[in-house]
Amino acid sequence: MFWMLFLKALGVIAVIVLIGEGVFWAYHAKHPIDDGDDED
Amino acid sequence: MRTDVIIMVLIYEVLVVIGIGVLLIIRDRKKNTGDSFAVAGRSMGFGLLVPTMTLTALGNPHIVGLFEMSYGMGAVALWFAFANTVHFVILCLCTGPWLRKMKVATVGEALDNLYGKKVGLGISCAMSGVTFGVLTVECQGVGIIINALTGWDLSIAIVVGGVFGMLYVLLAGMKQVGSVNMINLVILYIGIVAATICIAMTLGGGFDSVRAYYESDVTTRFMTNVFGTPSLWFSFALANIISVAFYGPISQANTQAPMSAKNTKMIRRALWIVAPINGLFGVFSVMLGLTARSIPEYAELGATSAAITMLVDRLPNWVCALLLASCMAACLSSFAMTSLGCGTMFGYDIFKGLYKPDATDKQVTLVIRIVVVVVCVAAISIAVGISSIIGAMNWVFAWIVPVFWLFLFGLFWKRSSKVAGWTLGITWIVNCLWSLTGLPALFGTTADAVPNGYVTLVVGLVCCIIGNLIVKGQPGLWSKRAKALQRQSISNA
């Protein structure tokens with residue numbers, strides 16, 4: 001049962017992160033990332 | 001009481017907390033780095049950033065809170081951990097890099113830049129209250145763990161935990177928390193994995209016997225399903241995503257580590273490590289909570305005590321010591337970051353922002369240290385009386401949800417201090433009415449069925465959109481219009 005929960009959790013986390021990254025890079029494909037003067 | 005276990009844990013905490021603090025103080029005296037205490041001189045590397053971000057959002061609710069929740073509603077409790085994954089996506093890809101780029105020390109300071117002093121101060125005050133609420137919950141968690149594993153009186157356990165929390169942050173600030181977190185994250189995972197393996201070994205058929213227990217009864221079958229039942233998913237899982245995901249990425253405690261990062265790329269990269277480490281921790285807590293409920297002798301103790309008592313009874317001494325050290329480390333880390341968040345807001349937004357604009361970094365650091373002590377003492381004294389942990393956290397988070405919309409619209413669309421003031425005022429009033437009056441009944445529902453996070457999310461969004469459409473305001477700080485105006489003024493000059 002532990003591994004079933006573990007794998008399901010890993011799957012949900014992966015889907016959330018991939019959706020986040022996908023939306024982020026889809027947006028920034030049109031709008032270049034502007035990090036300003038990044039390092040102090 | 002297991003005296004040998006307590007001694008081992010205390011030695012660990014004292015060595016790590018005080019040892020690293022003293023080392024950093026000696027090193028910083030030589031370097032004299034400006035705003036080092038609150039934002040680590042904005043030089044926090046990847047190795048410190050990842051554990052600090054992970055552990056700030058991995059405290060009492062992930063351990064004691066998930067034990068309780070999984071006992072009552074089953075595996076659907078894992079959605080609290082998944083809600084934190086959504087929070088990390090927004091924090092690492094959006095709000096964290098934005099705040100780092102603005103080079104501010106507090107969220108209030110960022111909103112001050114967008115909407116002016118009054119709104120910034122109002123948000124800082126509300127956020128201080130919310131952060132203090134979280135602090136009391138974290139303090140209670142430390143106390144519950146020490147109490148369960150040592151048998152000490154809960155109030156003594158809370159005082160001992162609170163004193164360690166103060167030491168954790170007081171000695172050297174952000175760098176101290178970051179350095180200690182790196183060690184604690186490793187110990188935390190070793191502790192919870194070892195405890196889960198040991199508990200599985202004490203069960204006749206391993207965790208499959210737990211599954212068999214729940215699936216043997218129609219009324220408990222849903223408890224092994226991560227998605228639970230539709231009503232549970234709406235009233236718990238989705239509600240958690242809304243309140244955690246819209247509070248976390250804009251809360252002072254969670255944004256303080258990204259604000260201290262060396263650069264914004266590092267914050268974005270951290271997502272791939274922080275999200276799985278934080279999210280998967282919930283699997284261990286939920287599994288232990290479900291196991292405790294499936295054993296009659298622990299099930300009868302109730303949601304709060306079942307899992308912890310099972311661990312104390314069944315774990316060998318060394319695993320018990322490891323677990324106590326790691327759970328304390330996780331709760332202490334959140335406790336420390338939260339108290340540091342309160343102190344930083346007071347030091348920068350109120351002391352430096354209002355009373356002494358020309359204050360030196362040394363004076364601000366002294367004020368932060370004093371506020372950390374004051375809020376920790378207050379949190380310790382209040383912590384004894386709190387009930388449901390995750391319920392309390394969600395109510396507290398709902399207050400900050402409208403701030404997320406203000407931050408987003410203020411950066412990319414339009415900013416007006418009037419709209420910001422009205423949005424906050426209306427949303428906070430509705431939030432109180434939703435909890436304290438019969439308002440939910442007018443909509444044919446209850447406050448439990450539709451938690452406050454939904455209400456503040458919708459009311460905040462509607463107020464922001466309508467207000468910005470009606471009221472004239474300045475263009476968003478990083479909006480296309482603001483950039484065009486900037487370009488125009490440069491070409492005119």
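Here are a few questions and answers about how two chains meet and about a pocket in this model.

This is a predicted model, where local features need pLDDT of at least 70, side-chain atom pairs count only at pLDDT 80 or more, and totals for chains, interfaces and linings use all residues. Residues are numbered from 1 along each chain as its sequence is written, chains are lettered from A in the order in which they are written, and side-chain values use heavy atoms, with hydrogens and water left out.

Q: How many residues of chain A are in contact with chain B?
A: Contact means heavy atoms within 4.5 Å. By that rule, 25 residues of chain A are in contact with 36 residues of chain B.

Q: What is the area buried between chain A and chain B?
A: Buried area is the accessible area (1.4 Å probe) that two parts lose on being put together, summed over both. Here that comes to about 2,800 Å², and carbon and sulfur atoms give 71% of it.

Q: How many salt bridges does the rule find across the interface of chain A and chain B?
A: A salt bridge needs a side-chain nitrogen of Lys or Arg within 4 Å of a carboxyl oxygen of Asp or Glu. Across this interface the rule finds zero.

Q: What makes eight residues on the chain A side that touches chain B count as charged?
A: Asp, Glu, Lys and Arg count as charged, Ala, Val, Leu, Ile, Met, Phe, Trp, Tyr, Cys and Pro as nonpolar, and the others, Gly among them, as polar. So sorted, that side of chain A has 14 nonpolar, three polar and eight charged residues.

Q: Which classes make up the lining of the largest pocket?
A: A pocket is an open set of points on a 1 Å grid over the protein atoms alone, where a 1.4 Å probe fits, with protein on both sides within 12 Å along at least five of seven lines; lining residues have an atom within 4 Å of a point. The lining has 18 nonpolar, five polar and six charged residues.
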